[in-house]
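Visitor: I should like to learn how to read the model before us. May we take one feature at a time?

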Amino acid sequence: MPLLHIAGRWRAGRHERRHTVFDPSCGQPIGELGLANGADIDEALAAAESGFAAWRQVPAFKRGEALLAAARRLQQRGEEIATLLTREQGKPLAEARSEIAGTVQVIQWYAEESRRSYGRIIPPRVPGSALQVLREPVGPCAAFSPWNFPLMLSSRKIAGALAAGCSVVLKAAEETPASVAAMVDCFLASGLPDGALQLLYGVPEEVSRRLLGSPIIRKLSFTGSVPVGRELARLAADQLQRVTLELGGHAPVLVFADANLDAAVVQLAGAKFRNAGQICAAPTRFLVERSVHDAFLERMAAACEQLRLGPGLAPGSTLGPLASARRQAAMQPLVDDALANGARLVVGGTRPEGQGFFYRPTLLADVPTQARAMGTEPFGPLVLTRPFDTEAEAIAVANGTRMGLAAYLYTDSASRQARLVPALRTGMVAINHASVSSPEAPFGGVGDSGYGSECGVEGLDAYLQPKFVHQFPA
Ligand code: NAD
């Protein structure tokens with residue numbers, strides 16, 4: 001099946017270059033993807049313009065119904081799409097199923113929220129006049145989603161834009177094309193007019209330059225790496241497109257001696273090793289109060305030893321491969337550099353023999369702040385711990401990177417919770433819990449983690465433009 005969808009039609013891209021898709025569990029090619037050329041991208045732009053004109057006329061209630069139908073279809077095709085996702089991305093099948101369940105919830109939430117995109121009536125200063133604020137869709141949107149959660153992260157953009165009445169051109173990740181195409185098919189089968197949703201794969205910099213160079217596009221939403229986010233924001237500046245950027249993180253975890261250590265380790269190991277650590281909000285720098293640091297290490301080491309590294313489709317695998325040879329190759333230099341800087345290896349630290357993009361779950365203790373892994377997002381199965389003596393020291397280390405997406409705080413003290421939440425320079429904080437992602441709450445960061453939010457009312461707002469109407473009697 002061709003995997004690009006342009007102007008109401010599935011077709012292959014006409015670029016002279018093609019992209020090879022790999023199965024990360026064996027490192028072997030599993031498909032060839034035809035990429036979009038300039039003419040394909042231009043057609044997608046023209047279709048997005050006419051699709052917007054049609055979709056914005058559809059009443060919000062009907063838009064919500066279409067999204068709910070898409071969510072139902074995705075649920076019905078869950079098993080087939082989860083298998084596609086595991087084959088091309090690598091994550092264990094149970095995690096692929098859970099990504100689909102989470103994606104269904106995101107679409108449902110935006111579907112319901114679309115009917116609540118209320119405007120405002122403001123009390124007038126002049127008798128007989130009226131001040132109204134309408135909320136209109138911003139226009140055709142360019143969305144770029146990555147390979148780590150191809151469905152979930154694409155759905156936040158597609159459902160947000162469609163709920164608001166915008167059309168979308170999605171360039172999803174070339175590494176994981178089939179699962180996203182299957183999800184897009186669920187949207188298309190739910191009553192969208194032609195052009196409301198296009199799916200492209202291409203040479204990334206060519207697609208982004210052409211889409212963002214067009215005055216048709218009125219909004220950019222990107223999830224991915226910091227350098228690419230910066231580049232896209234520069235491109236968006238020329239056409240003054242609105243921008244939402246989610247550029248990853250380097251989440252600190254602060255574990256105090258009064259925390260429930262057993263529960264903390266179970267939750268944190270789950271959050272760390274899910275998706276082989278390729279999660280922007282993954283707990284990464286584990287700062288543990290000195291009196292419980294050894295006990296924490298012992299429990300975390302046991303949790304690492306319990307993981308079963310293996311292909312995502314093999315029953316019993318609890319830790320899959322990394323998504324690409326590129327990501328696998330990024331791990332060893334980070335580990336070697338941490339060891340050279342004085343860190344202590346507790347578990348793992350190497351890739352296993354054999355095929356596939358695997359890397360062992362790795363626990364490094366006493367990692368100095370100057371180690372590269374403490375500043376560069378590892379995006380892999382690495383736990384980096386450091387003991388701390390004072391709350392002030394923990395905050396200083398936690399705030400020691402330019403990224404600021406998520407932070408995790410484990411303490412039983414209400415007063416400490418109240419002090420630390422404002423002190424942590426991040427867009428999200430979880431307390432005695434290891435998840436910050438919920439369809440009804442804003443997901444986004446500060447600093448180099450980007451700006452703007454997805455999900456929550458803020459996520460819908462990002463696709464809406466207020467229009468002030470000041471009315472006087474004739
Ligand atoms: P990369 O920067 O090469 O690519 C990241 C993604 O961005 C890919 O899907 C790629 O197709 C896309 N991309 C690259 N250049 C682009 C361009 N000019 N226009 C549009 N899209 C473009 O990096 P990578 O090796 O895939 O991942 C490296 C780092 O990216 C990770 O270590 C992590 O820090 C970050 N990342 C973050 C997230 C996230 O959820 N925030 C997701 C994936 C990757």
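**A guided reading**

Guide: Let us begin with a single loop: the one between α9 (261-273) and β13 (283-289) contains Ala 276. Please bear in mind that this is a predicted model.

Visitor: What is the phi of Ala 276?

Guide: Ala 276 is not a glycine, yet its phi is positive, at about 55 degrees.

Visitor: Is Ala 276 buried or exposed?

Guide: One counts neighbours, and a residue with 20 or more other C-beta atoms within 10 Å is taken as buried. Ala 276 has 32 other C-beta atoms within 10 Å, so it is buried.

Visitor: Where does Asp 366 lie, and how many C-beta neighbours does it have inside 10 Å?

Guide: Asp 366 is in the loop between β15 (362-365) and β16 (382-388). Its phi is also a positive value, near 55 degrees, in a residue other than glycine. Asp 366 has 16 C-beta neighbours inside 10 Å and therefore counts as partly exposed.

Visitor: How should one read the chain as a whole?

Guide: One may start with its secondary structure, which comes to 14 helices and 21 strands. The radius of gyration is 23 Å, close to the 23 Å given by the globule rule for 474 residues, so the chain is as compact as a globular protein of that length. Along the principal axes, the C-alpha atoms fill a box of roughly 75 × 60 × 40 Å. Of the contacts with a separation of 6 or more, 72% join residues 24 or more positions apart.

Visitor: What share of the 474 residues is buried?

Guide: Buried residues make up 54% of them. In soluble globular proteins, nonpolar side chains tend to be buried together. Here the largest nonpolar core has 147 residues, and those touching the most other members include Leu 67, Val 168 and Leu 364. At least three residues of this core come from each of domain 1 (4-248 + 445-469) and domain 2 (251-431).

Visitor: Which residues is Val 168 in contact with, leaving aside neighbours within four places in sequence?

Guide: Among them are Cys 141, Ala 143, Ile 158 and Leu 197.

Visitor: Which residues are the closest to the ligand?

Guide: They are Pro 146, Pro 204, Ser 208, Ser 225 and Phe 379, out of 22 that surround the ligand. By class, this shell holds ten nonpolar, six polar and six charged residues. Helices α7 (204-212) and α8 (226-238) each supply at least two residues of the shell. Domain 1 (4-248 + 445-469) and domain 2 (251-431) each give the shell at least three residues.

How values were computed: Residues numbered from 1 in each chain as written. Predicted model: local features only at pLDDT ≥ 70, side-chain atom pairs only at ≥ 80, totals over all residues. Core = buried A, V, L, I, M, F, W, Y, C linked by C-beta atoms within 7 Å. Buried ≥ 20, exposed ≤ 12 C-beta atoms within 10 Å, placed from the backbone. Domains from an automatic or database assignment. Contact = placed C-beta atoms within 7 Å. Near = placed C-beta within 6 Å. Helix = DSSP H or I, 4+ residues; strand = E, 2+ residues; numbered from the N terminus. Nonpolar A, V, L, I, M, F, W, Y, C, P; charged D, E, K, R; others polar. Rg over C-alpha atoms; globule rule 2.2 N^0.38 Å.
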